[in-house]
Every structure is written in C-alpha cells, then in structure tokens.
Amino acid sequence: MSMFEDANRKQISNRRKKDLYLHLLFIAATSIGIIALMALLINIVLDGIGRLNLDLFTNYPSRVAERAGMKSAIVGSIYMVLIMAPISFVLGVGAAIYLEEYAKKNAITRFIQLNISTLAGVPSIVYGILGLTIFVRGLSLDRSLLSGALTMTLLVLPVIIVSAQEAIRAVPRARRDASFALGATKWQTVYGSVLPSSISGILTGVILALSRAIGETAPLVMIGALTFVAFLPSSIMDQFTVMPIQIFNWISRPQVSFHDLAASGIIVMMVMLVLMNISAVILRNKYSKQI
Amino acid sequence: MESNVAPSTTTKMNFKNSRSHLSDKIVPIILFLCAALSVLTTIGIVVTLLSETINFFKSVPFMDFLFGTKWSPLIEPKAFGILPLLSGTLLVTVIACIVAIPIGLASAIYLSEYAPKRVRKIVKPILEVLAGVPTIVYGYFALTFVTPLLKSIFPSMGVFNALSAGIVVGIMIIPMVSSLSEDAMSAVPKSLRHGAYALGATRFEVALKIVVPAAFSGIVSSAVLAFSRAIGETMIVAVAAGATPNLTLNPLESIQTMTAYIVQVSLGDTPHGSVEYGTIFAVGMTLFVITFLLNILAQYVARRFREEY
C-alpha cells in the first residue's frame, strides 16, 4: 500500500516540477519580446541623443551629416496626415455606417466585409504599386503630396472601417429606438444619435490608423517621395518627403554619422507616434465611460 | 376599411419634412459608395498588377520567370528567374517564424493561463507596442544592433544577411502570434479548464491538453497570418538583408527578397514601360497572390476547424 502511495507521490511531485519548469520557460519566452523592445529603444536613444538638437528641426537635408536636418520631412509628414485625415475619416466612417446601419444582410454585404478584411492583409508595398499606377501615372498627379496622401488613405481605410464598425456596434439599441420613437428618420437617427455616441471610439481608430501612416515607408518609396528635399511643399501638387523616407535614406548611407542622424530622426518620429497614441488612449477612456 | 387607411397615410406624410425625406434617399447611396470603394481598391490592385504583368510576359516567357534560377533584370546578361527572390523571401520568413511562433505561442499561454491579472495588464500593452513600432525602425535595429551582435558569433557573416533581418522580422510579428493566439485561448470556456483541474491536472497539463487543442484552429490561423505578414514585410529586409538575388539557403549570406527588389527598382530611375519596369509588377503580382492565398487559408482554418462550445 505504501509502495503505491510513494509512487503516486513521486508522480505528483514530478508533474508539479514539470509545471514549474514550464512556467519559468513561458515567463522567459514572454520576456524575450519585452527585452527586445527595451534593447531597440535603448539602442536608438544612445545612438541618436547626440544629434538631437534644434538643427534637426530647422535644417534641410545636407550631404554633410553635421549640418543635415529633417525640417522638410517633418513638415511633409504633418501635411500628409492633414490631407489624409478628412478624406479617410469621411470615407472610412461612411463605409462603416453603411455596413452597420444600412446594409441588408445579403451576399453583397458579406462580400464587401470579406473584401475589407482581405485588404487589411495586403502587403503595404502592393498599395505603393497601386498608387504609382493610378495616382502618379493614371491621374497624372505625379510624385506629389496628394498622390502620397491618397495612396496612404487607401492603405489605412480597412483599419479605420473595422474600428469604426466596432464603435458603432457598441452603441446600445435603445438609443436608436429612442430616436425613432421621437419621429426621427433613419439618417437623423444616425447623425443625431449613433454618431455622437460613437464618435470618440471612431476618432480613436482614426488616430491610430493615421499614426500607422506616419511610420509607413514602403508605399511612399514606390510613389517616389524624394529623399532630398530642400524646400517645404507649398501646395498639394508639390513634391515632398516624409520622416520615414528621410530616415531610410540616412540608414542606407555607409557613414556612421548618418546612422546616428537616422537614430535622432527615429526619436523624433517615435515621440510623435507616442503623442498620437496617448491622445487615442485618452479618447478611448472617455469613450468607455460614456456608454 | 378604405377610409381608415387613407387618413393614416396622409398623417404619416405630414410628419416627414421634405429635407429628411430626400436625405434618406441619397445618404444610403453615398454611404454605399464609400463601402464600395474597398471593392474598387481590390479591383484596382488586381487590374493594375494583371495588365502590366501580362505585358511583362509578352517579352519574358512565363516558364523562365517561374523556374529560372538567375535574377538580374538590371544588369547584362539579363535573366528573369524569380526563384532567387522567392528563396530569399522564404529564408527570411522561415527564420522569422522560427523566432516568432514558439515565443508568441509561449507568451500567449503564459498570458492566458499563468499570468496574474496585474502582470497581464502590464505585459499585454508592452507587447502591443512592439506591433506599433514602424518597420523602418526595426530595420535600423537590425542593421546597427542585431547584425553586429551576430557578427561576434559568426565572424564570417556579411553586413547584409538573411539571419539578422529574419530575426528582427520575427520580433516584429511576435505580438501578432501572441495576441491572436491568446484571443483564441481566452475563448475556450472556463468550465473545460475547471473540469481538468477537478481531475487533478496541473496548469501545464490544462494548457497543453485542454486549452491548446481547443484553441488549435485559432493558433494555426494566427501562425499563417504571421507568415503572410513576414512575406510582405519590406523595410526591414530592404535595410538589413541586402540586394543580391542569391539562390541560397545559407542565412549568413546577403540575399534579396521580393519586396526589397521592388524597393530597389523604384529607388532607381527605371524608364516607364520597359521590361525592367514590368518586373516590379510581375514580382508584385507574385507577392500579392502568395499573401492573398495565405490570408484566405488563415480564414478558412479559423472557420473550418473551430471547436464550438
């Protein structure tokens, strides 16, 4: 009898040991991701902090690393987002309202929905090829700020539509019913009740999508955003550059001084992304309190 | 009967003012057009790629493209075999998955089965930050941190190599594997776990024998999506993997992926309409078809093999 008990105890303690070891292994695996993120951030700050001065913001690109700045790239990124924001907001939210409020549950709706989720998985460089053919050549917008903004709009639209749909879906049925009960039409209900209730959720999604666009490089390389722009774009038809393109250009050079400059540029870009993400989180918190 | 119906419709009419009546007719059409734009985008992508690719195949035989082992469209003697680009892409992607799938899956198991709520609340957002870092930043990280680190282990390794790029692409897709797998695991009902615990199972046994099998379709689909994402990744490989189309499986060598090739051509000034220009469409088409099929596969796996409770 005691022999069985001993064997049993041994088996249990073995299984417990195994559980403990794997617990530690899982913790280790999880921390790899965190350690990698820390290494990345520390590496960039150490490399870039030295060149992080006012020149970076006020100077145009230069062949001399010591004098080079990213003024045109910072302004280009801001302009691009300012053009994108209204277009992608209207198109994305419009599509989301249609799919959530108006669309009948039929094959066409299912097809559009499937199509949106498929588009979200298309590599960004393919959007670049599309933009190059349709906007740069097809509509002869050339390598302009507008071409870049329109291409990036197509890229972020699926993300905006899906998040706006989620925000609209979270609006309680009762709000719509209340609006209908007061005699409002469908559009009055959507415009006066559903949209105000979901707007902070929608804006959160839009800001996150725009912050993705700020960091996106590949499609704009295809569009032909220049890497050496010593002027600020004065109209939407002007040529332009953006922060990630400027950073890519600096990384591609062999000199270490340009690599450090790229690191400073990355710090500027990341700070901008962090600020956008913080504002998105603030909006989201406000939103979750509201409903 | 008739006299009852008629007044009620007229009163109904009186409630509607003409402006809202009009808006309820036009607005759905405008909104539908917004939604239809996504379909137009897809059609645009397919038509763009297809028309230029067909042009391209008028001057380059299809079989030479698909099975040729040499890719040098810009330098004489010209050769248009995509296999070196495919092998380069595959090499980077496989390295990325070797890094991301075990780590991502282990993180998912830890977060969903082991981690206390407090730890989970901190660790999850940190992993999500990894997904939000721009790819050009990962490219910088690969070139200036990971490559020198690897060089101290493999001194013969070049500045541009598949290994460093692959590892960093892997780090980039960890959050994709971990958060999608964790979603699948959290969807497994608590009662299944409780049943196993009641029989005396340890946490590891619950995770391995109950949760993972029940969430298997979601886990596989997350892995397929991560694979597809790695294939389409551009800037990391453009910065760190090199620009030498090389039919090799040696991760220490410089290679070129499909995406990096497209970037290389668009950085130069290749004349519009030439065969060289056509290559970006043919390569882009190949890329699009592969990622499209993988995404469909991921959706199919998630739906077809889902365990319903």
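# Exercises on a predicted two-chain model

The count of salt bridges between domain 1 of chain B and domain 2 of chain B is 0. The model is predicted, and the exercises below treat its domains, its chain interface, its salt bridges and some of its buried residues.

## Exercise 1. The two domains of chain B

Task: State where the domains of chain B lie, and describe the contact between them.

Solution.
- Step 1. The domain assignment places domain 1 of chain B at residues 7-58 and domain 2 of chain B at residues 71-304.
- Step 2. Between the C-alpha centres of domain 1 of chain B and domain 2 of chain B there are 36 Å. The contact uses 8 residues from domain 1 of chain B and 9 residues from domain 2 of chain B.
- Step 3. About 810 Å² is buried between domain 1 of chain B and domain 2 of chain B, with 89% of it on carbon and sulfur atoms. On the side of domain 1 of chain B, the residues that lose the most area are B:Leu49, B:Glu52 and B:Phe56, together 65% of what that side buries.

## Exercise 2. The two domains of chain A

Task: Which three residues of domain 1 of chain A supply 78% of the area it buries against domain 2 of chain A?

Solution.
- Step 1. In chain A, domain 1 covers 2-50 and domain 2 covers 55-290, according to the domain assignment.
- Step 2. Domain 1 of chain A and domain 2 of chain A bury about 440 Å², and carbon and sulfur atoms give 78% of this area.
- Step 3. The three residues are A:Ile44, A:Asp47 and A:Gly48, which supply more than any other three residues of domain 1 of chain A.
- Step 4. The rule for salt bridges finds 0 across the interface of domain 1 of chain A and domain 2 of chain A.

## Exercise 3. The interface between the chains

Task: How many salt bridges are there between chain A and chain B, and which side chains meet?

Solution.
- Step 1. The size of an interface is often given as the accessible area lost when the parts come together.
- Step 2. For chain A and chain B, the buried area is about 6,200 Å², 78% of it on carbon and sulfur atoms. The contact involves 70 residues from chain A and 68 residues from chain B.
- Step 3. Between chain A and chain B the count is 1 salt bridge. In this salt bridge the side chains of A:Arg15 and B:Glu205 meet at 2.7 Å, N to O. B:Glu205 belongs to helix α9 of chain B and A:Arg15 to helix α1 (residues 2-48) of chain A, so the pair joins two chains.
- Step 4. B:Glu205 has a relative accessible area of 14% and is buried, whereas A:Arg15, at 23%, counts as partly exposed.

## Exercise 4. Checking the span of a helix

Task: What span should the 12 residues of helix α9 (residues 203-214) of chain B have?

Solution.
- Step 1. At 1.5 Å a residue, helix α9 of chain B should span 16 Å.
- Step 2. The end C-alpha atoms of helix α9 of chain B are 15 Å apart, which agrees.
- Step 3. The buried residues of α9(B) include B:Phe204, B:Glu205 and B:Val206.

## Exercise 5. Salt bridges within chain A

Task: Which residue forms a salt bridge with A:Glu101, and is A:Glu101 buried or exposed?

Solution.
- Step 1. The partner is A:Arg176, with the closest N and O atoms 2.7 Å apart.
- Step 2. A:Arg176 is in helix α7 (residues 173-181) of chain A and A:Glu101 in helix α3 of chain A, so the pair ties together parts that are 75 residues apart in sequence.
- Step 3. A:Glu101 counts as buried at 12% relative accessibility, and A:Arg176 counts as buried at 8%.
- Step 4. Another salt bridge is formed by A:Glu100 and A:Arg169, with 3.1 Å between the closest N and O atoms. A:Glu100 is in helix α3 (residues 71-102) of chain A and A:Arg169 in helix α6 of chain A, 69 residues apart.
- Step 5. A:Glu100 counts as partly exposed at 25% relative accessibility, while A:Arg169 is exposed at 53%.

## Exercise 6. A buried residue and its contacts

Task: Where does A:Ile160 lie, and which residues is A:Ile160 in contact with beyond its neighbours within four places in sequence?

Solution.
- Step 1. A:Ile160 is part of helix α6 (residues 145-169) of chain A.
- Step 2. With a relative accessible area of 1%, A:Ile160 is buried, because buried means under 20%.
- Step 3. Beyond those neighbours, A:Ile160 is in contact with A:Ser88, A:Gly92, A:Val206 and A:Ala209.

Key:
Residues are numbered from 1 along each chain as its sequence is written. Chains are lettered from A and ligands numbered from 1 in the order in which they are written. This is a predicted model: local features need pLDDT of at least 70, side-chain atom pairs count only at pLDDT 80 or more; totals for chains, interfaces and linings use all residues. Side-chain values use heavy atoms; hydrogens and water are left out. Helices (H or I, at least four residues) and strands (E, at least two) are DSSP runs, numbered from the N terminus. The expected span of a helix is 1.5 Å times one less than its number of residues. Buried means under 20% relative accessible area, exposed over 50%, partly exposed in between (1.4 Å probe, protein chains only). Domain bounds come from an automatic or database domain assignment. Buried area is the accessible area (1.4 Å probe) that two parts lose on being put together, summed over both. A salt bridge is a side-chain nitrogen of Lys or Arg within 4 Å of a carboxyl oxygen of Asp or Glu. Contact means heavy atoms within 4.5 Å.
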